[in-house]
Amino acid sequence: MSIPGPEDITRRELPNGIVVLVRENHSSPSVVVSGYLRVGAYDERPEQAGLAAFTASALMRGTANYPFEKIYAELESVGAGVGVSGGTHTTGFGTKSLVEDLPLVLDILTDVLRHPTFPGDEIEKLRGELLTDLEERAHDTRRMAGLAFYELAYPPTHPYAHSLVGYTETVSELSRDHLAEFYAGGYGPRGMVIVVVGAVDTATALAQIEGAFGDWEGRQYDRDPLPDVSRITEMRERTVTIPGKTQTDIVLGYPGPPRTAPDFLDAFVCNTVLGVFGLMGRLGENVREAQGLAYYSYSRVAGGPGPGPWRVIAGVNPANVERAMVSIRAEIRRICEEPVSEAELADNKAFITGSLPLQLETKDGVARAILNMERYALGLDYLHRYASLINEITAERVQAAARRWLDPDAYALAIAGPPAEG
Amino acid sequence: MIKMSQAYKTQLPNGLTVLVKEAHAAPVASFWVWYRVGSRNEYTGITGISHWVEHMLFKGTPTFSKGAAEKAIAREGGMFNGMTAYDFTTYFATLPANRIGLALRIEADRMVNSVLALDEVTAERNVIISERQGSENDPDFLLNEELMAAAFRVHPYGTDTIGHMCDLETMTCEQLYAHYRTYYAPHNALAVAVGDFDGDEMLRLIEQHFGSIPNDLDIPAVNAVEPPQRGERQVFVEGEGNVAYLQMVFRTPPVHDPDFFALTALDAALTGASGLTFFGGGLTNKSSRLYRTLVASGLATAISGSLIPTVDPFVYNLSAVVRTGHTPAEVLEALDAELSRLATEPVTQEELTKAIKHAKAQFVYSSESVTGQALWLGYSEIFADYSWFEDYITNLSAVTVEDVQRAAQKYLKRSNRTVGWYMPENGA
């Protein structure tokens, strides 16, 4: 099995703007469809936070040809899945099935994306599920620290400052008509990407996708550019108190590089050193291994179409928050001030390039990789070039990325846990 | 030459059971070593010890100093982890196939040479306590822990694998080392390799690395037998939060009992077919009976069922998240009505057919991942035999509507269950 590239991925642009990518894989009789539409929380107003995610979930609650019960009766009777999920920039969708059931899942997917009916009773049930989830979130230290972090790190006018799933007060106010209007105003083929990976021949897959979506004429929201996000120049800190908890969660971070930033891969390597490699990188080694302060202490750089966050995440005993913070800041300072040694850099690069076969083992993994190549215009030969792109990164570039995006003395810090003792 | 596109099982002279399967869909391989030790082998005073020992096996040997093994695996682009459950402790690495030999070296070495130094044990105590405290943040964990303690009053399955806090605070380095030396031996272990390699060559490599490890220890037997349950038990947990949870467990037969597959089919009808994976399958269950009764009706926001195969008889578990504005009592009433309905509206052939087709699809999906395949081969060998996994669809297909009906009557009765309520302090 070779690494996917231009020689075995077929890319077709339909007249209505949809980009279809197909890669055959006949190792087992299953097929995965994965894609996204250009609509999301970006297109909702702050007072309607949660609208895009609510709308995306509501699509599966009933369509012109498939009432809610029928959608799931059909899918579950063949062990297949169809899902839609609202994000910030896009709304993602996907299917997984045996190849014999691909016509069925595509029929359902098409109806879900093109002919949702937003039945009132189903919308109310879904609202109840969303509101209960928001009640659970209010008592979840990890999720509350995450929420507070976004509010601290991004300006209030930025889409990233608002919760994707919304708030009790906004979700309570969203009506069935709000959802239907949001759908009508922004679901359409332009900017839509569909990837098919599996035991289906390319011509058949292309014909099936074109048959399903080729005549779709939906609308699209005009988008203003994202508001500027300036670098954080001071310490911003917020504590969310949740009585009765035994562990405190910490999220410390910054607005980070978009996936298309020239230094994204430099930042990616830097983050691998900081909080991924082996057992959670330097952060794991210091906070967990050397000091035993936390079960988890790691970092992630999100990338994405905009300035997604670069975050350190740790869960610690409430009495150890200060000590953990000292260690986390020391590691950030170290990676900003000292070049990574050649040996450590070589280890991290070997990990990043060497783990590609594992990421491409399953059809889901291949579909994800192809979707990313298309989404960020990386080129279909990106995976072939990947190792050399990583290997040419120097310690200087890693340090420059750290200095550009991180700062041990200026960051957004959200802490959620029980009240301080004493 | 042995054909190993199916799993091939053998045993080395020192007692190590070996399972090898070739899979050539992708250039990767997964290697696992399973030990027949977990919280099933523990008692008050040393609860959580198996899980803690698992952590300690990442702290180094004279050959691979602390951190060296995970770094070596990472340098090859691999994935490396361990996990502990009731019946087993397992360690695995998945790597590009031509690097899999490294995983064999590491596992053979730490089967006997782990150091468990005092300072490392001391530091890890805080990590383990932190792991437990993170779990305690979750109402689900708090409820499940109390519920299982009520469901099992003799058998160690009543204690969560993480262990009691007082034991985590007091266990000694000597106790941890003794546990390691007692249970880590080839005749108490199982090596599993699945991937893009030559099967004969893999067998030879396993013999080379593990063949000379001695097996001079007696493995203590677990003699605990949970007495019959004589009546329904209920547990109430009060805690922080705004959301209530309802959970119940029914005592179930051993995995070898033919009723086990009937219960598997029953679970599929009640809460949707399970995903055949530890790592979550992302499956929906919205056409299942209990989803319709509890979630579609607006009483709950989620319902799930699980029937975990285990060495000793275990439980069938149903868990519901109560929708805001409703009470666990309402959910329980509706759930009881649905279970009673099984008597008059038995599970149908159509529901059985659905469960079988579902399982077939799951097997196709799982064949894409060498890690998933190795996990299931090893796991089923722990509680039964690897053929349990390979014969899964055959056994499920043999279940009749009558089998399911009989199993429902026999096991899903009130006198055989323990019900747990999580009542939030700030609840509606």
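1. Let me start with helix α2 of chain B in this predicted model. The buried residues of α2(B) pack against elements of both chains: α10 (277-290) and α12 (342-354) of chain A, and β4 (79-84), β5 (89-96) and α3 (101-112) of chain B. The helix covers residues 68-75, and its buried positions are A69(B), E70(B), A72(B), I73(B) and A74(B). A charged residue, E70(B), is listed there beside alanines and an isoleucine, which may catch your eye. Just after the helix, G77(B) adopts a positive phi of about 80 degrees.

2. From there it is a short step to the contact between the chains. On the chain B side 52 residues take part, and they touch 58 residues of chain A. Four elements of chain B give two or more residues each to this side: α2, β5, α4 (118-136) and α12 (349-366). The largest share, 9 residues, belongs to α4(B). What is the make-up of the chain B side by class? It divides into 16 nonpolar, 22 polar and 14 charged residues.

3. Now for the layout of chain B. The chain is divided into domain 1 (8-210) and domain 2 (233-424), and the C-alpha centres of these two domains lie 27 Å apart. Across the boundary, 34 residues of domain 1 are in contact with 27 residues of domain 2. On the domain 1 side, β2 (17-22), β3 (28-35), β5, α5 (139-151) and β6 (189-195) of chain B each supply at least two residues. Helix α5(B) makes the largest contribution to that side, with 9 residues. By class, the domain 1 side has 20 nonpolar, 7 polar and 7 charged residues.

4. A word on the nonpolar cores. In soluble globular proteins, nonpolar side chains tend to be buried together. The largest core here has 132 residues, and those with the most contacts inside it are A314(A), A191(B) and V192(B). Helix α13 (residues 370-383) of chain B provides the largest share of this core, 8 residues. Which residues does V192(B) touch, leaving aside its neighbours within four places in sequence? They are L19(B), W32(B), W34(B), A374(B), L377(B) and G378(B). There is also a second, separate core of 71 residues, with L59(A), V171(A), V193(A) and V197(A) among them.

5. The overall figures for chain B are worth having to hand. Its secondary structure comes to 16 helices and 11 strands. The radius of gyration is 22 Å, close to the 22 Å that the globule rule gives for 428 residues, so chain B is as compact as a globular protein of that length. The C-alpha trace spans about 60 × 50 × 40 Å along its principal axes. Of the 428 residues, 51% are buried. Among contacts between residues at least 6 apart in sequence, 80% join residues at least 24 apart.

6. Finally, a local detail in chain A. Strand β1 (residues 10-13) and strand β2 (residues 19-24) of chain A pair in the antiparallel sense over 4 bridges. One of the pairings puts R11(A) opposite its bridge partner L21(A) in β2(A). The two strands form a hairpin with 5 residues between them, and G17(A) in the turn has a positive phi of about 105 degrees.

How values were computed. Residues are numbered from 1 along each chain as its sequence is written. Chains are lettered from A and ligands numbered from 1 in the order in which they are written. This is a predicted model: local features need pLDDT of at least 70, side-chain atom pairs count only at pLDDT 80 or more; totals for chains, interfaces and linings use all residues. A residue is buried if 20 or more other C-beta atoms lie within 10 Å of its own, exposed if 12 or fewer, and partly exposed in between; C-beta atoms are placed from the backbone. Two residues are in contact if their C-beta atoms, placed from the backbone, lie within 7 Å. Domain bounds come from an automatic or database domain assignment. A nonpolar core is a set of buried Ala, Val, Leu, Ile, Met, Phe, Trp, Tyr and Cys residues joined through C-beta atoms within 7 Å. Two strands pair if DSSP finds at least two bridges between them. The radius of gyration is taken over C-alpha atoms; the globule rule is 2.2 Å times the number of residues to the power 0.38.
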